[in-house]
Amino acid sequence: MTTDQTQYLSMAARPAGLDGPIYLDHNATTPVDPRVLEAMLPYLRTHFGNPSSDHPFASSPRAAVAQARVQVGALIGARAEEITFMGSGSEADATAIRGVVTAVLTTGVQRPHLITQATEHPAVLAACQYAERFHGAEVTVLAVGRDGLLDPDVLASAIRPTTVLVSVMHANNETGVIQPIRDLAAIAHAHGALFHTDAAQSVGKIPVDVTDLGVDLLTLVGHKMYAPKGIAALFIRAGTAVAPLIGGGGQEHGRRAGTENVPYLVALGAAAAIAASELAMGASDRLSDLRDGLEQQLVAHLPGRVHLNGNRNHRLPQTLNVSIDGVAGHAILAACVEVAASTGSACHAGIHSASPVLLAMGLPPERGISALRLTLGRWNTREDIVRAAGALARAVRAASPIPPMPPTG
Ligand SMILES: Cc1ncc(COP(=O)(O)O)c(C=O)c1O
């Protein structure tokens, strides 16, 4: 099937919510695919039963939960029983990290050592800090290179006999940089440590297989793959000891108590099945073509001023993070009503500072302030890209230059 046919298939089910500015912020969240919505609605309208009940109202929800678990597992090459549904990516990250540390502490280990890296999502960094503060863990945060990649040798030299877990994200949410997970996981295992990867941004966008990657724990998130917000899953390889964060009714094989959110679980299962078929039809190539076209057009409109952030060759297919010399990202977007996207900066009380991810890569603050994160999705077209590049370039010309930055140090 050609990429044009893939585009046609996706265009057949465009969510109504996409009317408005050109949406280039899919790493923040994706619209719900109308096919996903259709799949979940019967479990809101009709099949309301509690899957744990012992009467006929339970049977349809119970079967739907079982099917969703199979669908999510199939997308990442896992067995259904290795999938634990969670309420968010943040919860899945916290369960992986704090759950492993708690389980290890029950075996008598005193000061478990965790390793992570500097460009992780705050959910991972916060879980490590929690383990440090409340579980007596020691935490090492590794530096990345200027291209955002973690060098496996850096991990190898940081690992200790007491290291129990290494957590390194698969793909970065700001730059799309894809870490060498297979090599990193092999190093962790050679030293007896478990390996967790936060794959919130990669699952559904590129092929992800837990056996190929060699990971013990993997986080995936519904609202990055055309399911609603508030649903996620943690892959826990069979035999991996992870203490639950929430106890109670014994749902999710005792790994996460709470009555199942059946419609959302169904949604995640449907989103996983659709992602698998779109990937098989060449969705990644279609998006990387569009992404590269967007970059080329920005370069053509603004010669010499556009700089890519993150490794060019190890990137998500639909993520473009560029800095445009001399203009703040937030000023560009404020002047560009035609495009909805993100910047490479954070704003607190009206003051913009470069994002911790770009700073951790060693980029100067000016480069972070002038960054734009343009992330494409299932319904973006070539026409969107042409219009967005033109509108962004006009906004760059209209925006005021960045005032001089205070010296760092
Ligand atoms: C890489 C990564 N991990 C974790 C999360 C957190 O997911 P959630 O918003 O579902 O808690 C996100 C969401 O932005 C993410 O991009």
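Two strands pair if DSSP finds at least two bridges between them, and strands (E, at least two residues) are DSSP runs numbered from the N terminus. The model is a predicted one, in which local features need pLDDT of at least 70, side-chain atom pairs count only at pLDDT 80 or more, and totals for chains, interfaces and linings use all residues. Residues are numbered from 1 along each chain as its sequence is written.

**Exercise 1.** Find the strands that pair with E10, and state in which sense and over how many bridges they do so.

*Solution.* Begin with strand E9 (residues 306-308), which pairs with E10 in the antiparallel sense over three bridges; here histidine 307 has serine 323 of E10 as its bridge partner. Then turn to strand E15 (residues 371-375), which is also antiparallel to E10 and is joined to it over five bridges, with valine 322 bridged to leucine 372 in E15.

**Exercise 2.** Why is strand E10 described as largely enclosed by the rest of the structure?

*Solution.* A residue is called buried if 20 or more other C-beta atoms, placed from the backbone, lie within 10 Å of its own. Six of the six residues of E10 (residues 319-324) are buried, so the strand is largely enclosed. In a regular strand the side chains alternate between the two faces of the sheet. On one side of E10 the buried residues are Thr319, Asn321 and Ser323, and on the other they are Leu320, Val322 and Ile324, so that both faces are covered.

**Exercise 3.** Give the strand order of the open sheet of seven strands, and identify its edge strands.

*Solution.* The order is E2-E8-E7-E6-E5-E3-E4, with mixed pairing. The edge strands, each pairing on one side only, are E2 (83-86) and E4 (138-142). At the E4 edge, strand E3 (residues 113-117) runs parallel to E4 and is joined to it by five bridges, and leucine 114 has valine 139 as its bridge partner in E4.

Conventions. A residue is buried if 20 or more other C-beta atoms lie within 10 Å of its own, exposed if 12 or fewer, and partly exposed in between; C-beta atoms are placed from the backbone. Helices (H or I, at least four residues) and strands (E, at least two) are DSSP runs, numbered from the N terminus.
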